[in-house]
Every structure is written in structure tokens, then in C-alpha cells.
Amino acid sequence: MDQLDLPRASWMNEEHDMLERACRSFYEQVCAPHYERFEEQGCFDRDIWSKAGEMGLLGAEVPEEFGGPGGSFAHDAVITYQATRMGIDGWGAPLHNAIVIPYILHYGSEDQKRNWLPKLVSAQYIGAIAMSEPAAGSDLQGVKTTARKDGNQYVINGQKTFITNGQLANFIIVVAKTDPSAGAKGTSLFAVETDQVEGFRRGRNLDKIGFKSNDTSELFFDDVKVPASALLGPEEGQGFVQLMEQLPQERLLIALQAMGRIERALAETVAYVKERSAFGKKIIEFQNTQFELAEMKTEATVAKVFVDHCVARHLNGSLDPATASMAKYWLTDLQCNLIDRCLQLHGGYGYMNEYPIARMYRDARVERIYGGTNEIMKLLIARTL
Ligand SMILES: Cc1cc2nc3c(=O)[nH]c(=O)nc-3n(C[C@H](O)[C@H](O)[C@H](O)COP(=O)(O)OP(=O)(O)OC[C@H]3O[C@@H](n4cnc5c(N)ncnc54)[C@H](O)[C@@H]3O)c2cc1C
């Protein structure tokens, strides 16, 4: 694959370079050969998760005392970016690593951390986060799932949908109302260890237009009893604040996924137009192709600088929610635009599933929707004006 020489991230050091090489070889040698099968079966093999755990690719941010390598978001950024860069699009590990685990790191008690983090690092537990419901997506205050206190337990009832890792996950952070009359202030988060409860059921592995190797699913909770110690945070009613605090990292993560895919799309396209001929010339010799690629490389460069700036700010604690929303909305819009133009340069072959650009076209689309739609991102940005 052609190298594009996009600007190197200023926050990357030698350790991150080594991790990058390890990721690339893991994705290329362990995941890529089976990727078509993962798409057909609608999920990755569980075994891949265990191998990733052995390789140190799960729970990079977990401190050593809880079984992790004691890294930072920079490590998760590398693991995430390289996944889409290498075409490993539907693997739910970035969500497990940089969305699920941080809830335990930030809001877990000492006991909860000791109990859960080592299992999340080794892949004994695969994580998911269940916010969305059939009638509550953008408007999370409309969540209907309840968690009623009953002595030493909570009883959870409700339905979730569109949950990434939904078929494989056995550690699910569930957004539920502990006081349905109190709006956002009545929302709490629970960590549900699904192997240890009754009344939990997985619904369909949903039939999507892309992202097919991920087991995005419906989940059902019918009188699921969890111990009071499943609550995240010192008291009920913290869930909404916890979600708002963590969503910027989720949004930055999606921007990084988009950036990885942009780089891959361009590299694939440059290689293709150098190979393919029409009218006695290579496709790259047409001025239209050169102008398109020149524009796209420029846009990719601007995007890379911006996303790396956001990562650097996140690492020093100064990334504000509006800027994270800008990264999410702008990079995911840009990736759909660039991938569409790259597909056009492939001609009819770009529409054939055997060409990587076709799958990128399908996989990229969801990123304008999940993690908060791009319209919601613009609302958040506009509120700062
Ligand atoms: C593949 C996939 C994976 C996902 N993974 C997860 C997951 O792991 N966990 C999870 O909890 N959820 C997950 N989701 C759900 C995702 O976060 C929601 O789909 C998303 O937040 C949008 O919610 P919705 O689908 O209910 O759309 P709606 O909220 O119904 O929105 C419909 C349209 O209305 C627009 N809209 C809504 N409100 C406003 C407003 N105030 N102003 C302007 N426009 C507005 C939206 O932007 C959108 O265009 C996933 C979704 C998909 C497709």
C-alpha cells in the first residue's frame, strides 16, 4: 500500500511507534486473513479478543496494579487508528478499550476496579455500553430502562438497541433510570456481568448496510437482579453527568477511526490509479485524477493535524466537549466525502465488494450517526457561540 506521508502526530514517542508496529502486524496477520468470515458470521471470533489480550492490546489505559500496562489514551489512539488504517473496521475493541474501561477507571470503587479491570484486560470480559433504546437515541433523557432498588439489589427492566459487541459482550454498562421522575438527575449507570444474572437476553444481531463484522444487537433486561455494588459511582443519579464527561473521549475516538480510514482510502486509491489504464494512459495521468488526489491529500493533511491536536489536548486534559464534537462531526463527514471520491476514481471496480474501497464506503457511513449524530455535534458546538 502506498504511503502518504501525512504529518506524524506530535504526541507519538518511540513506545507508541513500537505499539503501532505491533498493531499493524496483529491486524495484518491475525485479523485480516479471517475478515471476510467475520463479516459473514456477523462478529469477530472470541479467540481474537483473547489473542489481543495476550498481545497487550486491551485495556491500555489500565494501571499495572489492576493488571494493565499502565498506558494512556495515546496508546488507545494508536490501537484504534491502526485498526481502520489496516481495514479492521468492525472490531469492537476500541469501544471496549477507550469507552467501556474508562467508566470503571473513573467511577469504579477500589473493589470494582480490582474485580473487573483484570478481566477486561484479558478478554475474560468483553465490554459494551448500552445507552440507546428503540425510543431514545439522540435524546438520552428519554431512556425508559429502569433500575429499582430492592434491598441489597437493583432490578433492571428495559430494552436496548444498536449495541456494539451485543452478542459477545458479557460486561455491559447499562444506562437506567433509578428515579424516573427526576429526568437526567434520575439516571444511573450499572455494570452488568451478564454471565452471572438471570433475565438478560440478547436479541437479533442486526442486519446493517456496513460494519458487518460487528455484532450490533438488541438487548433485553427482564427483572435482571444485580447487586447494589453494580452501581457506578458513590450514589444514584450520577449517570448523566458521567456520560457527558466521557462522551468527548468517545467522539475523539470516532474521529481517529475516520482518520485511519481516510488514510487507507487514499493509499488504496493512489495505488489503484497508478495501476489502471484508460485511453492509453494510467488513470493517475489524467489531470482530473491529479487534482482530485491533490485536493484529497490536502484535506487529509488538515484533518490529521486537527485530530492530532485534539489528541494532544485530550492527553493534557484541555480538550473541551465542543472541540471533540468538531473533530467527530468534521472528520466523519470528510471521510464519507473522500471515500466517495476515491470510489469514483476506481470506476466500476469501486462498486465491487472485492475492492477495499467498496467496504470502506459501507463502513464509513455509520460514523456520522453513532456516538451522537453529527447534527447533535453541531448543536453542542453552537451552544458555545
Ligand atoms: C452500527 C451502530 C452502532 C451503535 N452502537 C451503539 C452502542 O454501542 N451503544 C449505544 O448506546 N448506542 C449505539 N448506537 C446508537 C447510536 O448512538 C444512535 O443511533 C444515535 O445516537 C442516534 O439515535 P437514533 O438512532 O435514535 O436517531 P434519532 O435520535 O431518532 O435521530 C434521527 C434524526 O434526527 C436528528 N435529530 C435528533 N434530535 C435532533 C435535534 N435536537 N436537532 C436536530 N436534529 C436532531 C438526528 O441527527 C438524526 O438525523 C449505535 C448505532 C449504530 C447504527
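The following exchange asks how some descriptions of this predicted model are reached.

Mentor: This is a predicted model, in which local features need pLDDT of at least 70 and side-chain atom pairs count only at pLDDT 80 or more, while totals for chains, interfaces and linings use all residues. Residues are numbered from 1 along each chain as its sequence is written.

Trainee: Why is glutamate 292 called partly exposed?

Mentor: A residue is buried if 20 or more other C-beta atoms, placed from the backbone, lie within 10 Å of its own, exposed if 12 or fewer, and partly exposed in between. Glutamate 292 has 18 C-beta neighbours inside 10 Å, so it counts as partly exposed.

Trainee: Which residues does glutamate 292 touch, not counting those up to four places away in sequence?

Mentor: Glutamate 292 touches Arg341 and Leu345, where contact requires C-beta atoms, placed from the backbone, to lie within 7 Å.

Trainee: What makes the protein chain as compact as a globular protein of its length?

Mentor: The radius of gyration is taken over C-alpha atoms, and the globule rule is 2.2 Å times the number of residues to the power 0.38. The protein chain has a radius of gyration of 21 Å, close to the 21 Å that the rule gives for 385 residues, so it is as compact as a globular protein of that length.

Trainee: How do you know that the shell around the ligand lies between domain 2 and domain 3?

Mentor: Domain 2 (128–237) and domain 3 (241–382) both give residues to that shell, so it lies between them, with the domain bounds coming from an automatic or database domain assignment. The ligand is surrounded by 20 residues, the closest being Met131, Gly137, Ser138, Thr164 and Thr373, and a residue is near a molecule if its C-beta atom, placed from the backbone, lies within 6 Å of it.

Notes: Contact = placed C-beta atoms within 7 Å.
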